[in-house]
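Here is a short set of exercises to work through with the model open beside you. Try each task before reading its solution.

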Amino acid sequence: MFKWFRRQISSDEPPISREAVRGLFDWLDRPNPPPCDHSHRLTTEYLRDRALPTEPTLGWLKANGGYCDCEVMFNVTDKWGERIGWEPANEDEDA
Ligand SMILES: [Zn+2]
């Protein structure tokens, strides 16, 4: 269990499914999010709601530059968005 946990946070693959990561990005990217309070409040909420492993996932996010909710949006989506098939909500609907 701990071996798995260590390997996950130091390796590239997220400890939760890619689908769950996409869901997390969508959740953080929703319209009018509350301002980031420099914690993983929203991320933790998402993970807890879905009974996903909180600590390994936060570890993975931090390893990818996501030290708070807004950094997850900036840094982790930048690194992982394309790789897991996540696209930011389209801002111009006419395109
Ligand atoms: Zn922040």
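Two residues are in contact when they have heavy atoms within 4.5 Å of each other. Keep in mind that the model is a predicted one.

**Exercise 1. The overall fold**

Task: Find how many helices and strands the protein has, and what pattern they follow along the sequence.

Solution:
- Step 1. Count the elements: there are 5 helices and 0 strands.
- Step 2. Read along the sequence, and the pattern is α-α-α-α-α.
- Step 3. Turn to burial: 36% of the 95 residues count as buried.
- Step 4. Look at how contacts span the chain. Taking contacts between residues at least 6 apart in sequence, 60% join residues at least 24 apart.

**Exercise 2. The surroundings of Thr43**

Task: Decide whether Thr43 is buried or exposed, and list which residues it is in contact with, leaving aside neighbours within four places in sequence.

Solution:
- Step 1. Locate the residue: Thr43 belongs to helix α3, which covers residues 41–49.
- Step 2. Apply the cut-off for burial, which is under 20% relative accessible area. Thr43 has 0% relative accessibility, so it counts as buried.
- Step 3. Collect the contacts. Once neighbours within four places are set aside, Thr43 touches Leu24, Leu28, Leu58, Leu61, Asp69 and Val72.
- Step 4. Widen the view to the helix. Leu42, Thr44, Tyr46 and Leu47 are buried in α3 along with Thr43, and the buried residues of this helix pack against α2 (18–28), α4 and α5.

**Exercise 3. How α4 meets α5**

Task: Describe how helices α4 and α5 pack, and name which residues meet.

Solution:
- Step 1. Recall what is needed: two packed helices are described by the angle between their axes and the distance between the axes.
- Step 2. Helix α4 spans residues 54–63 and helix α5 spans residues 69–80; their axes are 9 Å apart, at an angle of about 80°.
- Step 3. Angles of 65 to 115 degrees count as roughly perpendicular, and α4 and α5 are therefore roughly perpendicular to each other.
- Step 4. List the residues: from α4 come Trp60, Leu61 and Ala63, and from α5 come Val72, Val76, Lys79 and Trp80.
- Step 5. Sort them by class: the contact has 6 nonpolar residues, no polar ones and 1 charged one.

**Exercise 4. Trp60 and two prolines**

Task: Find what separates the C-alpha atoms of Trp60 and Pro15, then do this for Pro15 and Pro53.

Solution:
- Step 1. Place the residues: Trp60 is in helix α4, while Pro15 is in the loop between α1 (2–10) and α2.
- Step 2. Check burial. Trp60 counts as buried at 1% relative accessibility, and Pro15 is buried with a relative accessible area of 11%.
- Step 3. The C-alpha atoms of Trp60 and Pro15 are separated by 7.2 Å, with their positions 45 residues apart along the chain.
- Step 4. For Pro15 and Pro53, which are 38 residues apart along the chain, the C-alpha separation is 7.9 Å.
- Step 5. Add the rest of the helix: the buried residues of α4 include Thr54, Pro56, Thr57, Leu58 and Leu61 as well as Trp60.

**Exercise 5. Rings and charges**

Task: Work out what kind of aromatic pair Phe25 and Trp86 form, and which rings have the charged ends of Arg30 and Arg83 over them.

Solution:
- Step 1. Start with the count, which is 2 aromatic pairs.
- Step 2. In the pair of Phe25 and Trp86, the rings are 5.3 Å apart centre to centre, with 75° between the planes. Planes over 60 degrees apart count as edge-to-face, and this pair is edge-to-face.
- Step 3. Phe25 lies in helix α2 and Trp86 in the segment after α5, so the pair ties together parts that are 61 residues apart in sequence.
- Step 4. Both partners can be checked for burial: Phe25 counts as buried at 0% relative accessibility, and Trp86 is buried with a relative accessible area of 8%.
- Step 5. Now the charges. The charged end of Arg30 sits over the ring of Trp27, 4.0 Å from its centre. The charged end of Arg83 sits over the ring of Trp80, 4.2 Å from its centre.

Terms used:
Residues are numbered from 1 along each chain as its sequence is written. This is a predicted model: local features need pLDDT of at least 70, side-chain atom pairs count only at pLDDT 80 or more; totals for chains, interfaces and linings use all residues. Side-chain values use heavy atoms; hydrogens and water are left out. Axes are lines fitted to C-alpha atoms, for helices over the stretch in contact, and angles run from 0 to 180 degrees between N-to-C directions. Helices (H or I, at least four residues) and strands (E, at least two) are DSSP runs, numbered from the N terminus. Angles under 35 degrees count as roughly parallel, over 145 as roughly antiparallel, 65 to 115 as roughly perpendicular and the rest as oblique. Ala, Val, Leu, Ile, Met, Phe, Trp, Tyr, Cys and Pro count as nonpolar, Asp, Glu, Lys and Arg as charged, and the others, Gly among them, as polar. Buried means under 20% relative accessible area, exposed over 50%, partly exposed in between (1.4 Å probe, protein chains only). Rings of Phe, Tyr and Trp (its six-membered ring) pair if their centres lie within 6.5 Å; planes under 30 degrees apart count as stacked, over 60 as edge-to-face and the rest as tilted. A charge sits over a ring if NZ of Lys or CZ of Arg is within 6 Å of the ring centre and within 35 degrees of the ring normal.
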